[in-house]
Amino acid sequence: MRKMNLLFGVLALGLGVIVGTLGVSLLTNPSSPGSFISKLRGQDHIQTVTGEVNDTTQTPPVLNTEQDNLSETNAALDSANPDSILNQAEQQIVADYKQDIGIFFGAWKSADIDTFRLKLAKAYTGELIEKHARRAEKFLVQGIGLDVTQITFDQVAVESADANTATLRVDYRYKARDYSLADRASFGEEHEQIVQVRVNLLKQNSRWMITGENSIR
């Protein structure tokens, strides 16, 4: 009986070590299904990148359009969208949207969820703030954020717009790594994530804010 109990004890200990190891792996390995990056926009496309990403689409040369007032994030905003064909009102909508996305990614380095909400309120309005906050809180309480190093807009098309509302069809991709809030440093493999969405915006105090996002498959 003692031998049997000892055997069960050894097996239980071994199982505990395996489960614990898997748990740590899911937390620290960005390529695993439980990582931050794979859950941020889990229904979009994710791939690991080790160097430059090859753009297979035929687009004009990429222009660096890093926003001046986005110093809270290190994201480099690159645009491959020919904004010159848009009228002045549409150009403002597109420019504000790109800035909103920069603010969104910058918020993912917030030390706590309250700071995250305050930052996001500069770019989003309505229920969408709480939707993103609920998703973010699961990671921020674990001390995990996101470090976005580059955003490339392949398409930002104005589908409709009036004085106060607009709808965009957007394709963009970004490179990112998991981010330790405690160490203020990124870790793990860099991934590229592809986002394809239809976005609704609302004009508030002369600025366009994101009020709705729907993924396009």
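This is a short talk through one protein chain, taken from confidence and overall layout to a helix pair, the nonpolar core and a few individual residues.

I should say at the outset that what we have here is a predicted model, and that the confidence is uneven enough to deserve a word before anything else. The average pLDDT over the protein is 73, and 61% of the residues reach at least 70. Two stretches stand out on this score: residues 3-34 stay under 50, and the model gives them 25 contacts beyond four places in sequence. Residues 41-81 are likewise below 50 in pLDDT, although in the model this stretch has 93 contacts beyond near neighbours in sequence. I will therefore keep to other parts of the chain when I come to particular residues, since local features are taken only where pLDDT is at least 70.

As for the overall layout, the protein has five helices and seven strands, and reading from the N terminus the order of elements is α-α-β-β-β-α-α-α-β-β-β-β. Of the 217 residues in the protein, 41% are buried. If we take the contacts between residues at least 6 apart in sequence, 63% of them join residues that are at least 24 apart.

Let me turn to the helix pair. Helix 3, which covers residues 88-107, packs with helix 4, residues 113-120, at an angle of about 175 degrees, and their axes are 9 Å apart. An angle over 145 degrees counts as roughly antiparallel, and so that is how helix 3 and helix 4 are described relative to each other. On the side of helix 3 the contact is made by Ile-103, Phe-104, Gly-106 and Ala-107, while helix 4 contributes Phe-116, Lys-119 and Leu-120. Sorted by character, the residues of this contact are five nonpolar, one polar and one charged.

That brings me to the nonpolar core. In soluble globular proteins, nonpolar side chains tend to be buried together. Here the largest nonpolar core holds 40 residues, and within it Tyr-97 and Tyr-172 touch the most other members. Two or more residues each come from helix 3, helix 4, helix 5 (127-140), strand 4 (144-161), strand 5 (165-180), strand 6 (185-204) and strand 7 (207-215). Helix 3 supplies the largest share of this core, with eight residues.

Which residues does Tyr-97 contact, once its neighbours within four places in sequence are set aside? The list runs through Phe-153, Val-156, Leu-168, Val-170, Tyr-172, Val-197, Val-199, Leu-201 and Ile-210, so Tyr-172, the other residue that touches the most core members, is itself one of the contacts of Tyr-97.

Three residues farther along the chain are worth placing individually. Met-209 is in strand 7 and, because its relative accessibility is 7%, it counts as buried. Its C-alpha atom is 5.2 Å from that of Tyr-124, although the two residues are 85 apart in sequence. Beyond neighbours within four places in sequence, the contacts of Met-209 include Asp-100, Tyr-124, Leu-201 and Gln-204.

Leu-128 belongs to helix 5 and also counts as buried, because its relative accessibility is 9%. With neighbours within four places left aside, Leu-128 is in contact with Ile-210, Thr-211, Gly-212 and Glu-213. The last of these, Glu-213, is 85 residues away along the chain, with 8.2 Å between its C-alpha atom and that of Leu-128.

Ser-215, in strand 7, has a relative accessibility of 37% and therefore counts as partly exposed. The C-alpha atom of Ser-215 lies 9.6 Å from that of Val-170, and the two are 45 residues apart along the chain.

I will finish with two loop residues whose backbone angles are worth a look. Arg-184 sits in the loop between strand 5 and strand 6, and its phi is near 55 degrees, a positive value in a residue other than glycine. Because its relative accessibility is 64%, Arg-184 counts as exposed. Ser-206 is in the loop between strand 6 and strand 7, where its phi, near 70 degrees, is again a positive value in a residue other than glycine. Ser-206 is exposed too, with a relative accessible area of 59%.

Notes: Residues are numbered from 1 along each chain as its sequence is written. This is a predicted model: local features need pLDDT of at least 70, side-chain atom pairs count only at pLDDT 80 or more; totals for chains, interfaces and linings use all residues. Side-chain values use heavy atoms; hydrogens and water are left out. pLDDT is the predictor's confidence in each residue, from 0 to 100. Contact means heavy atoms within 4.5 Å. Axes are lines fitted to C-alpha atoms, for helices over the stretch in contact, and angles run from 0 to 180 degrees between N-to-C directions. Helices (H or I, at least four residues) and strands (E, at least two) are DSSP runs, numbered from the N terminus. Angles under 35 degrees count as roughly parallel, over 145 as roughly antiparallel, 65 to 115 as roughly perpendicular and the rest as oblique. Ala, Val, Leu, Ile, Met, Phe, Trp, Tyr, Cys and Pro count as nonpolar, Asp, Glu, Lys and Arg as charged, and the others, Gly among them, as polar. A nonpolar core is a set of buried Ala, Val, Leu, Ile, Met, Phe, Trp, Tyr and Cys residues joined through side-chain atoms within 4.5 Å. Buried means under 20% relative accessible area, exposed over 50%, partly exposed in between (1.4 Å probe, protein chains only).
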